[in-house]
Every structure is written in structure tokens, then in C-alpha cells.
Amino acid sequence: MSDCLFCKIIAGEIPSNKVYEDDLCYAFYDIDPQAPTHFLVIPKAHIQSVSAVTEENAPVVGHIFAVIAKLAGELGLESYRVVSNIGAQAGQSVFHLHFHVLSGRDMTWPPG
Ligand code: AMP
Ligand code: ZN
């Protein structure tokens, strides 16, 4: 999608601090970290949010979770939280599916 920030990051049109990349997904550190470790994992295909996940495009979500587990292991994250905001009221500000991976501090529950 030409006007999507994360599609531009995937295309290299906007710089990012890359953690990992493969054919299906891209991971990069959040520009405004909310924990000592905070990165995002996104599908290369433009999907608006979890609300646009279907049986057809769902395999990339499973792949992303396998990548999250792999990266967490490589980064030595023993405890972490995976978050995806869906819709503005829930805090979504970029409308390209992404999973936040946050670690390195105590987390509260319920989230704000
Ligand atoms: P959300 O608010 O859940 O949609 O998450 C979007 C995230 O993208 C926020 O945590 C932002 O800090 C992050 N973000 C916005 N622009 C950039 C960027 N250019 N590089 C890295 N992270 C970004
Ligand atoms: Zn996009």
C-alpha cells in the first residue's frame, strides 16, 4: 500500500533498525520504545490489523509467532509480552498488522 508507513519501511523507503527479515515478515525496533526491549514484527503483505486476518492469510500469523519465539530465544528474553492493537480505541496508530514484543521490565495487568 503506497501510503502505508510500514509498507514504506519494508520497501526501504523509510529507515528502520532491523532485527530480522525473511520472505514473509520483517522485524524492527520500535522508534518509541515502551520497554527496554521493544520491537515490532510485521507481515510483508499489507494486512490492516488482526480484524483483516482470514483463513487465506492466516498462515503468516503463525509464521510471525514462530519468528517471535526464535528472536526471543536469540535475544535471551526470558519473559516478554506480545501485543497487537486493533482499532484506534485500542491504541492502533499504524494500520498495518504488527505485533509488539516488549520485554525487560515488570508488566502490569490489566493493560491500560
Ligand atoms: P500501534 O500504536 O499499536 O499501531 O503501534 C505502532 C507503533 O509503531 C508505535 O509503537 C510507534 O512507536 C511505532 N512506530 C511509528 N513509526 C515508526 C518508525 N518509523 N519506526 C519504528 N517504529 C515506528
Ligand atoms: Zn502496509
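Which atom of ligand 1 does a polar side-chain atom of D30 lie 2.5 Å from? Keep that question in mind as you open the model, which is a predicted one.

**Stop 1: ligand 1**

Select ligand 1 and then the residues around it. You should find 16 of them, the closest being D30, N85, G91, S93 and H100. Start with D30: its polar side-chain atom sits 2.5 Å from an oxygen atom of ligand 1, which settles the opening question. Next, click on N85, where a polar side-chain atom is 2.8 Å from an oxygen atom of the ligand. Then move to G91, and this time look at the backbone: an N or O atom there lies 2.8 Å from an oxygen atom of ligand 1. Now turn on a surface for the protein. Taken on its own, ligand 1 has 500 Å² of accessible area, and the protein covers 84% of that.

**Stop 2: the zinc ion**

Select ligand 2, the zinc ion, and show its protein donors: SG of C4, SG of C7, ND1 of H46 and ND1 of H96. These atoms lie 2.1 to 2.3 Å from the metal. What geometry does the site have? With angles of 104 to 117° among the four donor atoms, the site is tetrahedral. If you would like a reference value, the ideal angle for four tetrahedral donors is 109.5 degrees. Along the chain, the donors of the zinc ion follow the spacing C-x2-C-x38-H-x49-H. While the two cysteines are still highlighted, note that C4 and C7 are both buried.

**Stop 3: the aromatic rings**

Hide the ligands and display the Phe, Tyr and Trp side chains. How many aromatic pairs are there? The count comes to four. One of them is Y26 with F28, a tilted pair with 5.7 Å from centre to centre and 45° between the planes. Both of these residues are buried. Add F6 to the selection and you have a cluster, as ring pairs link F6, Y26 and F28.

Now select Y29 and F39. Their ring centres are 6.1 Å apart and their planes meet at 85°, so this pair is edge-to-face. Colour by secondary structure to see what the pair links: Y29 belongs to strand β2 (residues 25–29) and F39 to strand β3 (residues 37–43), 10 residues apart in the chain. Is each ring's residue buried or exposed? Y29 is partly exposed, with a relative accessible area of 31%, whereas F39 is buried at 0%.

Conventions. Residues are numbered from 1 along each chain as its sequence is written. Chains are lettered from A and ligands numbered from 1 in the order in which they are written. This is a predicted model: local features need pLDDT of at least 70, side-chain atom pairs count only at pLDDT 80 or more; totals for chains, interfaces and linings use all residues. Side-chain values use heavy atoms; hydrogens and water are left out. Rings of Phe, Tyr and Trp (its six-membered ring) pair if their centres lie within 6.5 Å; planes under 30 degrees apart count as stacked, over 60 as edge-to-face and the rest as tilted. Buried means under 20% relative accessible area, exposed over 50%, partly exposed in between (1.4 Å probe, protein chains only). Helices (H or I, at least four residues) and strands (E, at least two) are DSSP runs, numbered from the N terminus. Donors are N, O and S atoms within 2.8 Å of the metal (3.2 Å for Na, K and Ca); water is not among the atoms, so sites may look incomplete. Four donors count as tetrahedral if all angles lie between 85 and 135 degrees; four count as square planar and six as octahedral if opposite donors are over 155 degrees apart and all others between 65 and 115; anything else is irregular. A residue is near a molecule or strand if one of its heavy atoms lies within 4 Å of it. A polar contact is a pair of N or O atoms within 3.5 Å; within protein, one must be able to donate a hydrogen and the other to accept it, and residues adjacent in sequence count only if both atoms are side-chain atoms. Accessible areas come from the Shrake-Rupley method with a 1.4 Å probe; for residues, only the protein chains shown count as cover.
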